[in-house]
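Please look over the sequence and the 3D structure shown here. The briefing below will help you find your way around.

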Amino acid sequence: KPLAELDLDQMAVLIGMVKGASYYNPVRNPQRATQRHNTVIDIVLEHELISETQASIQKNRKLVVTSRNKRSLYPAFINLVQRQLNRDYDAEDLKSEGLQIFTTLDPYIQQATEKSVRNTVPVLDTRSQEMQAAAVVASTDSGEVLAIVGDRNPSFAGFNRALDAQRHIGSLMKPVVYLTAVKQPEQYTLASLLSDTRLRVQGEDKKIWEPENYDKEFHGDVIMYEALLRSYNIPVARLGLELGLSNISDTLKQMGSDKLLPPYPSITLGAVDMSPFEIASIYQTFAANGFHSPLRSVRAVLDKHGTPLKRYQLDVKRETDPAAIALINFVLNRVTHSGTAKGLSRSLDMEVAGKTGTSDNLYDSWFAGFSRDRVAVVWLGFDDQRQTGLTGSSGAMRVWKNIFNNISPSPVKLDLPDEIHMVWIDQPTGLRSDKHCENAVELPFIKGSEPVEYAGCKAGSPLDWLKKIFK
């Protein structure tokens, strides 16, 4: 309803919900909502805006809500279509009768996404059954949205969390920070040493910011590859401050985001609010090897004569450095083998790439990942910012995995550009190594950026290695 059409008791319910939209939800928690409603009425009376008689009448009225079983077919997707029609087409043209609207919806993938949310979220939320969910699945190449879910009950036509829930994105920001670094190969590579030691930063407000790693430990000097693989907080915070927050913001724009980042060092750890749809747009650029296509749900609109309506011009493709993207995607694939998403590729029996995300105090559980042809983002959390008790891997990743188990994606293929070649690196020092040396890891480098100096071990050929053993 328009605001002007609401009566006093409806306003009182809505005002009461501001303190906790889920906790005082009148559908799920009518008793709490009624108590809050009465509190608001008392305050209105206290300010002498109504009489005691009017207050008594309002407090004795029965709480009226719409049916909880309000169901709709693909409500979150239809909501996106409506918004993008209004964005991309002239309003007068859309008033014409007999329009034919062709969308990007894939019913099979939509149903698989809904099934995963319906079946997985209740298992993860055994206590309250109030944990919410959102998911977006899109094509990596075209940016076409194939499926979208905005509620743990996917057919409930209410608040669309996929588009409108603004939540801290946690470690999903880290690949953007590292991408900003490796775009400068003369200064940074995946073998660059980063310091994982105590960090204290004083802000303009004189408050001290002191980030911690998830395991509450320090790891000394670590190479960039390991820092991203393990999702350490302190190295990326140091790196972000070194790079400059404005440069990170520029990279985010190249990836397809219009989000204005606040000038706080905590943004390097994802202390910035975004929707699942915005995250899907950013990770689509990773999945498409640096080519960004705005996510869209409408392919075409025809009038009753079959003539296409004129569409506003869209920036259909923006490009960031494909070689730098390839380095980060290499690590995002390894994350699903031995990093924070350990075992994901193995459990799916196919290669994928992705990143877990967990906000402070376990308020938000995220997973953003992609195969060769599909990119998807899943978010879990409570509307009233309660702790979920879930990390990105123990929560959202399980929903994501169940989606990909049922949509037959193509394995991710890490196509390295010609200017990149593989070099064996000594992991503790970041210096050059050989395949058979202890702690050796093979990493991609933009040609000319690889280290020249060798670490202590230079094993030579496998035959030389065997000779040393049996000498």
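What follows is a short tour of this model, from the whole chain down to single residues.

This is a predicted model. The chain has 16 helices and 17 strands. Buried residues make up 51% of its 471 residues.

**The whole chain**

- Along the principal axes, the C-alpha atoms fill a box of roughly 100 × 60 × 40 Å.
- The chain exposes about 23000 Å². Carbon and sulfur atoms supply 50% of that area.
- Take the contacts in the chain with a separation of 6 or more. Residues 24 or more positions apart account for 68% of them.

**Helix H8, an enclosed helix**

- Helix H8 covers residues 174-182.
- How many of the nine residues of H8 are buried? Nine of the nine are, so H8 is largely enclosed by the rest of the structure.
- The buried residues of H8 are Lys174, Pro175, Val176, Val177, Tyr178, Leu179, Thr180, Ala181 and Val182.

**H8 against H10**

- Helix H10 spans residues 233-243. H8 and H10 pack at an angle of about 45°, and their axes are 10 Å apart.
- The two helices, H8 and H10, are therefore oblique to each other.
- Their crossing is left-handed.
- On the H8 side, the contact is made by Lys174, Val177, Tyr178, Thr180 and Ala181. On the H10 side, it is made by Asn233, Pro235, Val236, Leu239, Gly240 and Leu243.
- Sorted by type, the residues of this contact are seven nonpolar, three polar and one charged.

**H8 against H11**

- Helix H11 runs over residues 245-254. The axes of H8 and H11 come within 9 Å and cross at roughly 105°.
- That makes H8 roughly perpendicular to H11.
- Val176, Val177, Leu179 and Thr180 in H8 meet four residues of H11: Asn247, Ile248, Thr251 and Leu252.
- This contact holds five nonpolar residues, three polar ones and no charged ones.
- Val177 of H8 takes part in the contact with H10, and Val177 also meets H11. Thr180 is likewise listed in the contact with H10 and in the contact with H11.

**H2 against H3**

- Helix H2 covers residues 30-46, and helix H3 covers residues 52-60.
- How do H2 and H3 lie: roughly parallel or roughly antiparallel? They pack at an angle of about 170°. An angle over 145 degrees counts as roughly antiparallel, so H2 and H3 are roughly antiparallel to each other.
- Their axes are 10 Å apart.
- From H2, the contact takes in His37, Asn38, Ile41, Asp42 and Leu45. These residues meet Glu52, Ala55, Gln58 and Lys59 in H3.
- The residues of this contact divide into three nonpolar, three polar and three charged.

**Two serines with positive phi**

- Most residues other than glycine have a negative phi.
- Ser231 has a positive phi, near 60°. Ser231 sits in the loop between helix H9 (224-229) and H10.
- Ser408 also has a positive phi. The value for Ser408 is near 50°. Ser408 lies in the loop between helix H15 (396-404) and strand S16 (420-426).
- Is Ser231 buried or exposed? Ser231 counts as buried, because its relative accessibility is 11%, and buried means under 20%.
- Ser408 is exposed, with a relative accessible area of 60%.

**Pro122 and Thr391**

- Pro122 is found in helix H6, which covers residues 107-124.
- At a relative accessible area of 30%, Pro122 is partly exposed.
- Leaving out residues up to four places away in sequence, Pro122 touches Val117, Gln129 and Arg152.
- How far apart are Pro122 and Tyr214 in space? They are 26 Å apart, C-alpha to C-alpha, and 92 residues apart in sequence.
- Thr391 lies in the loop between strand S15 (374-381) and H15.
- Thr391 is buried, with a relative accessible area of 16%.
- Leaving out residues up to four places away in sequence, Thr391 touches Tyr214, Thr358, Leu362, Ser365 and Ala396.

How values were computed:
Residues numbered from 1 in each chain as written. Predicted model: local features only at pLDDT ≥ 70, side-chain atom pairs only at ≥ 80, totals over all residues. Heavy atoms only, no water. Axes fitted to C-alpha atoms, helices over the stretch in contact; angles between N-to-C directions. Parallel < 35°, antiparallel > 145°, perpendicular 65-115°, else oblique. Left-handed = near helix turned anticlockwise from the far one by under 90°. Contact = heavy atoms within 4.5 Å. Nonpolar A, V, L, I, M, F, W, Y, C, P; charged D, E, K, R; others polar. Buried < 20%, exposed > 50% of the residue type's maximum accessible area, 1.4 Å probe, protein only. Areas by Shrake-Rupley, 256 points an atom, 1.4 Å probe, with all protein chains shown as cover.
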